[in-house]
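This report walks through one protein model for a reader who has not met it before. Please look over the sequence and the structure, and then read on.

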Amino acid sequence: MSRENDGSQQGAKVRAVVFDLDGVIVSTDQFHYRAWSRLAEQEGIPFAWEDNDRLRGVSRMESLDILLEKASREYSLREKREMAERKNGYYRQALESELTPRDVLPGVREFMDGLRSAGIKLAVGSSSRNTPMILEKIGLQNYFEAVADGNDIARSKPDPQVFLIAAERLRVAPEECLVIEDAEAGVAAAVAANMRVLAVGAAADDQRADMRARALAEVDWRSLPIRQ
Ligand code: B16
Ligand code: MG
């Protein structure tokens, strides 16, 4: 893990860790991709795996707007709402039949259990409105002390709202929270919330993060600047 400012010398020690969901706890990329591809094909809009990268951490309607950049005509708000719903139907169908506790990313359970044993509070901060269903499918619905998700917010990442709600529900000050994120929009949201951030996966090169790692499996929870 590389670090710029691990907070151990300066600032408050971390009392809570807020996990992004998609891409940090579980990989839903392929499910999103399949659902968006199906919609794009029906509408005759080009959509490739690389395009999917731009949708990471971004809300459903904003994702649709990105997909429609390659469309050959304008779509009305009503059409866009219907399309977003259609995509979500395909996405939920796939989650329902395929997502299981085995899809929790490597090392994540051990990492979270370690933090919990050290008395650190754990929360989820996700843009996804499907967070409750995903947590249930992977068997973590009762695991977190707080969950803030796409159903709670008016402004999605990079706005800090989702992380600030998570902190409020945990009753922990933002500067005592550490966010773990895999999306650039999420790293920006954590910085804007005045929280420290560990960037993993697709965000592993994001220079705004305090700590960076290719995957959470590479990080020892004891190396975080936590209060013990
Ligand atoms: P939904 P996260 C985000 O979740 C995903 O990364 C992003 O690809 C998705 O568009 C967004 O949730 C909204 O998801 O359509 O399920 O409401 O990474 O913030 O946990
Ligand atoms: Mg994510």
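## Asp206 and its surroundings

In this predicted model, Asp206 touches Glu184, Val187 and Arg212, when residues up to four places away in sequence are not counted. Asp206 sits in the loop between strand 6 (196-200) and strand 7 (211-213), and with a relative accessibility of 9% Asp206 counts as buried, because the cut-off for that term is under 20% relative accessible area.

## Helix 8

Helix 8 spans residues 184-192, and its buried residues are Ala185, Gly186, Val187, Ala188, Ala189 and Ala190. One of these, Val187, is also among the residues that Asp206 touches. The cover over the buried residues of helix 8 includes helix 7 (161-170), strand 5 (177-181) and strand 6. After helix 8 comes Asn194, a residue with a positive phi near 65°.

## The magnesium site

Which protein residues serve as donors of the magnesium ion (ligand 2)? They are Asp20 and Asp182, each through OD, and Asp22 through O, and these donors lie 2.0 to 2.1 Å from the ion. Along the chain, the donors of the magnesium ion follow the spacing D-x1-D-x159-D.

Asp20 is buried, with 4% relative accessible area, and Asp22 also counts as buried, at a relative accessibility of 16%. Both assignments rest on the protein chains only, so the ion itself plays no part in them.

## Two domains

The chain is divided into domain 1, which is made of the segments 2-27 and 103-223, and domain 2, which covers 29-98. The contact between these domains takes 15 residues from domain 1 and 15 residues from domain 2. The C-alpha centres of domain 1 and domain 2 are 25 Å apart.

## The largest pocket

Where does the largest pocket lie with respect to domain 1 and domain 2? Both domains give residues to the lining of the largest pocket, and therefore this pocket lies between them. The space in the largest pocket comes to about 570 Å³. The lining of this pocket holds 30 residues, of which Val58, Ser59, Arg60, Ser127 and Ser128 are the closest to its centre.

By residue type, the lining of the largest pocket divides into 7 nonpolar, 13 polar and 10 charged residues. Helix 1 (29-43), helix 3 (60-67) and helix 4 (77-98) each supply at least two residues of this lining.

## Glu85 and Arg60

Helix 4 is also where Glu85 is found. With a relative accessibility of 60%, Glu85 counts as exposed, because that term applies to values over 50%. Glu85 and Arg60 are 25 residues apart along the chain, and their C-alpha atoms are separated by 9.2 Å; Arg60, for its part, is one of the residues closest to the centre of the largest pocket.

## The second largest pocket

The second largest pocket has a volume of about 240 Å³. Its lining is made of 15 residues, and those closest to its centre are Gly23, Val24, Leu105, Gly201 and Arg214. The lining of the second largest pocket divides into 8 nonpolar, 3 polar and 4 charged residues.

Methods: Residues are numbered from 1 along each chain as its sequence is written. Chains are lettered from A and ligands numbered from 1 in the order in which they are written. This is a predicted model: local features need pLDDT of at least 70, side-chain atom pairs count only at pLDDT 80 or more; totals for chains, interfaces and linings use all residues. Side-chain values use heavy atoms; hydrogens and water are left out. On a 1 Å grid over the protein atoms alone, a cavity is a set of points where a 1.4 Å probe fits but cannot get out, and a pocket is an open set with protein on both sides within 12 Å along at least five of seven lines; lining residues have an atom within 4 Å of a point. Grid points are joined across faces, edges and corners, and a volume is the space filled by probe spheres set on the points. Helices (H or I, at least four residues) and strands (E, at least two) are DSSP runs, numbered from the N terminus. Ala, Val, Leu, Ile, Met, Phe, Trp, Tyr, Cys and Pro count as nonpolar, Asp, Glu, Lys and Arg as charged, and the others, Gly among them, as polar. Domain bounds come from an automatic or database domain assignment. Donors are N, O and S atoms within 2.8 Å of the metal (3.2 Å for Na, K and Ca); water is not among the atoms, so sites may look incomplete. Buried means under 20% relative accessible area, exposed over 50%, partly exposed in between (1.4 Å probe, protein chains only). Contact means heavy atoms within 4.5 Å.
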